[in-house]
Amino acid sequence: MNFISKTIGTAVGICIILLGTNAAFAAGDAENGKKIFKKCKGCHQIGDGAKNSVGPVLTGVVGRKAGTFPGYSYGKSMRQATKTGLVWSEENLDGWLTSPKKFLRKVLDTRKAKAKMRFKLKKPGQRQDVIAYLKTFSTDAQAATMPMKTETGGMAKPAKAISTTDICVENQSGKTLLFVVEAKGGKRVVKTLKASENLCAPQAMADAGGTVGVFQDADALEGCSRLAKAGKAERLISYVPFDNCGWVQ
Ligand code: HEC
């Protein structure tokens, strides 16, 4: 084999490995991930009433912008990563859990980057499973399978199915905030939502979409907003003004 064909051979090999890991993400076992999460529990809380401790709250972390959970003091490199717009996709979480420091060095393209998290999950299978577990706190699947607690301590029924022509926003941030839903060619509605409440506006034109926004209160000058598709709620999972909110669909 000459040099060129060797190089091509290696390149093809790498591609196959990458494809392999991507396909494997879907196969993560959330039940097993829950067991593996015990390793994280010394530093991280997740779920109802979770608070920041050694590490930030991980509720809703999949799909969240890195380094943005309110009230947690992130390391310098992580704050820089936030500025680059880094989002915790499954792939990025896999990189982070493999080696937080190496991951930030790659993202920031400097060997000086440091991570406050001194912990690695070396086994790819364990990373996949724990990511699958994290996802159960970040996606619609959670709302469908877990009954939501209401203010009175009773159980609320899962939110009713959203009409395919509605633009909706759901408050999963745990705070009471002011929400705005603007459907193109439809209605603009403004309402203060408590935790787990949602707000929808019907749109007049099919597929027109709209925007949803959130503010601390009616006097706030800066909040967050984002484009929204009809028929799926945009869920706010963390509120940080100047468009640093965490959202999932
Ligand atoms: C020894 C403590 C410790 C352990 C164990 C630990 N972490 Fe962390 N984690 C941290 C710290 C500290 C940070 C903040 C990193 C920074 O600011 O540089 C963090 C950050 C994170 C973040 C980024 C969150 C964000 O808001 O951007 C994720 C995701 C994460 N950890 C996942 C995990 C998972 C999953 C496990 C278990 C497999 C785990 N961690 C185990 C301490 C820990």
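Are arginine 127 and aspartate 94 buried or exposed? Both of these residues are buried. Keep this pair in mind as you explore the model above, which is a predicted one.

## The overall picture

Let's start with the whole protein. It has 7 helices and 10 strands. Of its 249 residues, 37% are buried. The protein exposes about 14,600 Å², and carbon and sulfur atoms supply 57% of that area. Now look at how the chain meets itself: among contacts with a separation of 6 or more, 49% are between residues 24 or more positions apart.

## Pairs of opposite charge

Side chains of opposite charge can pair when their charged atoms come close. In this model the count comes to 4 salt bridges, where a salt bridge is a side-chain nitrogen of Lys or Arg within 4 Å of a carboxyl oxygen of Asp or Glu. The table lists some of them.

| Positive partner | Negative partner | N to O distance |
|---|---|---|
| Arginine 127 | Aspartate 94 | 2.9 Å |
| Arginine 235 | Glutamate 170 | 3.4 Å |
| Arginine 226 | Glutamate 234 | 2.6 Å |

Back to the opening pair: arginine 127 forms a salt bridge with aspartate 94. Arginine 127 lies in helix α6 (residues 124–135) and aspartate 94 in helix α4 (residues 90–98), so the pair ties together parts that are 33 residues apart in sequence.

Next, find arginine 235 and glutamate 170, whose side chains also meet in a salt bridge. Arginine 235 belongs to strand β9 and glutamate 170 to strand β3 (residues 166–171), so this pair links parts that are 65 residues apart in sequence. Both arginine 235 and glutamate 170 are buried.

The pair of glutamate 234 and arginine 226 has partners in two settings. Glutamate 234 counts as buried because its relative accessible area is 1%, while arginine 226, at 30%, counts as partly exposed.

## A patch of positive charge

Where do positive charges gather? They form a patch on the surface, and its members include Lys76, Arg79, Lys83, Lys101, Lys102 and Arg111. The elements that give two or more residues to this patch are α3 (76–83) and α5 (100–108). Helix α3 gives the most, with 3 residues. Arginine 79 is found in helix α3, and its relative accessibility of 45% is why it counts as partly exposed.

## Two residues far apart in sequence

Serine 238 lies in strand β9 (residues 233–238). It has 2% relative accessibility, so serine 238 counts as buried. Not counting residues up to four places away in sequence, serine 238 touches Arg64, Thr68, Phe69, Pro70, Ser173, Cys245 and Gly246.

Threonine 59 sits in the loop between α2 (30–36) and α3, and with a relative accessible area of 22% it is partly exposed. Leaving aside neighbours within four places in sequence, the contacts of threonine 59 include Gln45, Ile46, Arg64 and Phe137. How far apart are the C-alpha atoms of threonine 59 and serine 238? They are separated by 9.4 Å, although the two residues are 179 residues apart along the chain.

## Two loop residues with positive phi

Serine 196 has a positive phi of about 70° although it is not a glycine. It lies in the loop between β5 (188–193) and β6 (198–202), and with a relative accessible area of 29%, serine 196 is partly exposed.

Phenylalanine 242 is not a glycine either, and has a positive phi of about 60°. You can find phenylalanine 242 in the loop between β9 and β10 (246–248). Its relative accessible area is 60%, so phenylalanine 242 is exposed.

Note on methods
Residues are numbered from 1 along each chain as its sequence is written. This is a predicted model: local features need pLDDT of at least 70, side-chain atom pairs count only at pLDDT 80 or more; totals for chains, interfaces and linings use all residues. Side-chain values use heavy atoms; hydrogens and water are left out. Patches are made of residues with over 30% relative accessible area and no salt bridge: like charges are joined within 9 Å, nonpolar side chains (Val, Leu, Ile, Met, Phe, Trp, Tyr) within 5 Å. Accessible areas come from the Shrake-Rupley method with a 1.4 Å probe; for residues, only the protein chains shown count as cover. Lys and Arg count as positive and Asp and Glu as negative; His and the chain ends are not counted. The place of a charge is taken as NZ of Lys, CZ of Arg, CG of Asp or CD of Glu. Helices (H or I, at least four residues) and strands (E, at least two) are DSSP runs, numbered from the N terminus. Buried means under 20% relative accessible area, exposed over 50%, partly exposed in between (1.4 Å probe, protein chains only). Contact means heavy atoms within 4.5 Å.
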